[in-house]
Amino acid sequence: MTIEFDNNQPIYLQIMNYLKGEIITGKLKPGDKIPSVRELAAELQINPNTVQRTFQELEREEIVETRRGMGRYVTGKEDTIMNIKREMAQDILDRFIRGMQELGFESEEIVKAVEENIAAKDRK
């Protein structure tokens, strides 16, 4: 696992977003075991407390579950995974729309640009 950390966002959030991305794209499947705190901390060369915080937040959001004595696993709840996907998609859309508005585009122009871009990609 390789993550290029951004100094403008807490590391634990970046790891959370990375793991969420792995889950919604199917690279980590429901029921898959995720690395231990020590394994992930060593792999990413970060403090184990940071990884622990990441896992606590993922558990709080019910994205991973701990099985006593066995480790942490990706949730088997498909609705939870679908909600993560929707939330991440909404974040992307919000950033895109805000960026386009900052460039001076009106709502109708943004919609037209998206439609044209999709149509161009469908022709390929």
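**Calls and cut-offs in a predicted chain**

Modeller: Buried residues make up 27% of the 124 residues in the chain.

Colleague: What makes a residue buried, partly exposed or exposed?

Modeller: Relative accessible area decides, with a 1.4 Å probe and protein chains only. Buried means under 20%, exposed means over 50%, and partly exposed is in between. As for the basis, this is a predicted model, with local features needing pLDDT of at least 70 and side-chain atom pairs counting only at pLDDT 80 or more, while totals for chains, interfaces and linings use all residues. Residues are numbered from 1 along each chain as its sequence is written, and side-chain values use heavy atoms, leaving out hydrogens and water.

Colleague: Why is glutamine 45 called exposed?

Modeller: Its relative accessibility is 73%. The cut-off for exposed is over 50%, so the label follows. Glutamine 45 sits in the loop between α2 (37-44) and α3.

Colleague: What is the phi of glutamine 45?

Modeller: About 55 degrees, a positive value, although the residue is not a glycine. Most residues other than glycine have a negative phi. Glutamate 62 also has a positive phi, about 60 degrees, and is not a glycine either. Glutamate 62 is in the loop between α3 and β2.

Colleague: Why is glutamate 62 called partly exposed?

Modeller: Its relative accessibility is 43%. That lies between the 20% and 50% limits, so glutamate 62 is partly exposed.

Colleague: How do you know what counts as a helix or a strand?

Modeller: Both are DSSP runs, numbered from the N terminus: helices are H or I with at least four residues, strands are E with at least two. On that rule the chain has 5 helices and 3 strands. From the N terminus the order is α-β-α-α-β-β-α-α.

Colleague: What makes two strands a pair?

Modeller: DSSP must find at least two bridges between them. β1 and β3 (residues 71-74) have 2 bridges, so they qualify under the rule. β2 and β3 have 4 bridges, so they qualify as well. Both pairings are antiparallel. The result is an open sheet of 3 strands in the order β1-β3-β2. β1 (33-34) and β2 (64-67) are the edge strands, each pairing on one side only.

Colleague: Which residues stand opposite lysine 33 and arginine 67?

Modeller: Lysine 33 faces tyrosine 73 in β3. Arginine 67 faces glycine 71 in β3.

Colleague: What links β2 and β3?

Modeller: They form a hairpin with 3 residues between them. Glycine 69 in the turn has a positive phi of about 75 degrees.

Colleague: Why is arginine 67 called partly exposed?

Modeller: Its relative accessibility is 32%. That falls between 20% and 50%, so the label holds. Arginine 67 is in strand β2.

Colleague: Which residues does arginine 67 touch, not counting residues up to four places away in sequence?

Modeller: Gly31 and Tyr73. Contact means heavy atoms within 4.5 Å.

Colleague: Where is asparagine 17, and what does it contact beyond four places in sequence?

Modeller: Asparagine 17 is in helix α1 (residues 11-24). Its contacts there are with Gln9 and Met88. Asparagine 17 has a relative accessible area of 35%, so it is partly exposed. Isoleucine 84 is 67 residues away from asparagine 17 in sequence and 9.9 Å away in space, C-alpha to C-alpha.

Colleague: How does α3 run relative to β2?

Modeller: Helix α3 (residues 48-60) lies across β1, β2 and β3, at about 105 degrees to β2. Axes are lines fitted to C-alpha atoms, for helices over the stretch in contact, and angles run from 0 to 180 degrees between N-to-C directions.

Colleague: How does the radius of gyration of the chain stand against that of a compact globule?

Modeller: The chain has 18 Å, whereas a compact globule of 124 residues would have near 14 Å. The radius is taken over C-alpha atoms, and the globule rule is 2.2 Å times the number of residues to the power 0.38. The C-alpha trace spans about 55 × 30 × 30 Å along its principal axes.

Colleague: What does UniProt place at residues 9-77?

Modeller: An unreviewed UniProt entry gives "domain: HTH gntR-type" there. UniProt positions follow the numbering used here, feature names are shortened, and annotations may be inferred rather than shown by experiment. In the model, residues 9-77 are 51% helix and 14% strand.
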